[in-house]
Amino acid sequence: MSARALPLLFLNLGGEMLYILDQRLRAQSIPGEKARKDEWTDVDRKRVMNDIITTMFNKKFMEELFKPQELYSKKALRTVYDRLAHASIMRLNQASMDKLYDLMTMAFKYQVLLCPRPKDILLVTFNHLDAIKDFICDSPGILNQVDETFRQLIETYSCLSAGEFQLIRQTLLLFFQDMHIRVSIFLKDKVQNSNGRFVLPISGPVPWGTEVPGLIRVFNHNGDEVKRTEFATDGNYVTPQREGSFELYGDRVLKLGTNMYSVSRPVETHMSGSSKNLASHAKENIVTNPLAKEEMNFLARLLGVLEVKTPGGSETGFRLNLFKTDEEEEYA
């Protein structure tokens, strides 16, 4: 397993979490002048996003995260996101938190599967961070925190070889391999089957630096081309016009990792009975990590800088529901 996969896993899952929370907060917000004391306003939404992003990009937290280390258990990472989601005045009950985490993991799994080449996982991460910067564009202090993480990513990953990125991709896919939760957005777009497995396309742009398939070239012992044979392919492949930018600012070209909820589509996930049982079974039966002591020490260090803000004084914590109705949430 790669010792460099954890920062990419955390930042991309965190980006997906912020996309979902922003969409749900916007959907439930009431204009400030019309809102009752216990209802969301756009001011509350911005405050929640700012608080979570500030906590997520805490300097000490990032320093711990970027140290070379293996991925830790799903349970440990889930605990970190529980703390992150409650780093402001927002409160999620267990069913909504479960749903949020399912959406996060399936979205990033799909992005990892679709990356044209392993190095493009870095572009997916940059797309998430670019969108996060848009969320806090009027908060220069928080923007500096995100930019510092950008620089750490560039410094850490720009020098890695294609083989090292392939190892990172395989490590991430191993983490996601038993997760097959059905998500309505993917089902509607027909990129996910009813069993929760993704449908991978056989057409589209080929990875940067490669050629469109359909030609076999034969060379002699001197390295001279002596024969060409063309063959038909089942897919409709095209050559990418340019490579995405790996700089602090630039056109990433790749669209994976951008906000798929920004077009006002509902955030839903439908789980079949068997899928629910598998998901709960996976959560209850986590394989014991032989490095459990080191994992718990690591988690304690991370959670030490993730402070959960409890509403003080007369301030009330706001509850966010990721389901359409309270009844649906209660049923889940």
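**A guided reading of the structure**

Guide: Let us begin with leucine 167, which lies in helix H8 (residues 162-176). Helices (H or I, at least four residues) and strands (E, at least two) are DSSP runs, numbered from the N terminus. This is a predicted model, in which local features need pLDDT of at least 70 and side-chain atom pairs count only at pLDDT 80 or more, while totals for chains, interfaces and linings use all residues. Residues are numbered from 1 along each chain as its sequence is written, and side-chain values use heavy atoms, with hydrogens and water left out.

Visitor: Is leucine 167 buried, partly exposed or exposed?

Guide: The general scale is this: buried means under 20% relative accessible area, exposed over 50%, and partly exposed in between (1.4 Å probe, protein chains only). Leucine 167 has a relative accessible area of 42%, so this residue is partly exposed. Its C-alpha is 8.7 Å from that of alanine 5, although 162 residues separate the two in sequence. Isoleucine 52, in helix H2 (residues 42-56), has a relative accessible area of 0% and is therefore buried. From isoleucine 52 to glycine 14 there are 38 residues in sequence and 9.6 Å in space, C-alpha to C-alpha.

Visitor: How many aromatic pairs are found in the whole structure?

Guide: A pair of aromatic rings is described by the distance of the centres and the angle of the planes. Rings of Phe, Tyr and Trp (its six-membered ring) pair if their centres lie within 6.5 Å; planes under 30 degrees apart count as stacked, over 60 as edge-to-face and the rest as tilted. A search of the whole structure gives eleven such pairs. In one of them, tyrosine 19 and phenylalanine 135 have ring centres 6.4 Å apart and planes at 70°, so the arrangement is edge-to-face. Because tyrosine 19 belongs to helix H1 (residues 6-28) and phenylalanine 135 to helix H6 (residues 120-135), the pair ties together parts 116 residues apart in sequence. Both tyrosine 19 and phenylalanine 135 are buried.

Visitor: What kind of pair do tyrosine 110 and phenylalanine 186 form?

Guide: Their pair is tilted, with 5.1 Å from centre to centre and 50° between the planes. Tyrosine 110 in helix H5 (residues 94-114) and phenylalanine 186 in helix H9 (residues 184-188) are 76 residues apart, and the pair links these distant parts of the chain. Tyrosine 110 counts as buried at 13% relative accessibility, as does phenylalanine 186 at 4%. Elsewhere, ring pairs join Phe10, Phe61, Tyr81 and Tyr101 into a cluster.

Visitor: Over which ring does the charged end of lysine 74 sit?

Guide: A charge sits over a ring if NZ of Lys or CZ of Arg is within 6 Å of the ring centre and within 35 degrees of the ring normal. The charged end of lysine 74 sits over the ring of phenylalanine 175, 4.9 Å from its centre. Lysine 119 has its charged end over the ring of phenylalanine 246, at 4.6 Å from the centre.

Visitor: In which sense do strands S3 and S4 pair?

Guide: Two strands pair if DSSP finds at least two bridges between them. Strand S3 (residues 215-219) and strand S4 (residues 225-230) do so in the antiparallel sense over five bridges. Isoleucine 216 stands opposite threonine 229 in S4, and valine 218 has lysine 227 as its bridge partner there. The two strands form a hairpin with five residues between them, and glycine 223 in the turn has a positive phi of about 90°. S4 is hardly covered, with zero buried residues among its six.

Visitor: Which residues have a positive phi although they are not glycine?

Guide: Lysine 190 is one of them, with a phi of about 60°; this residue lies in the loop between H9 and S2 and is exposed, with a relative accessible area of 69%. Valine 253 is another, at about 65°, in the loop between strand S5 (237-238) and helix H10 (273-284). At 30% relative accessibility, valine 253 counts as partly exposed.
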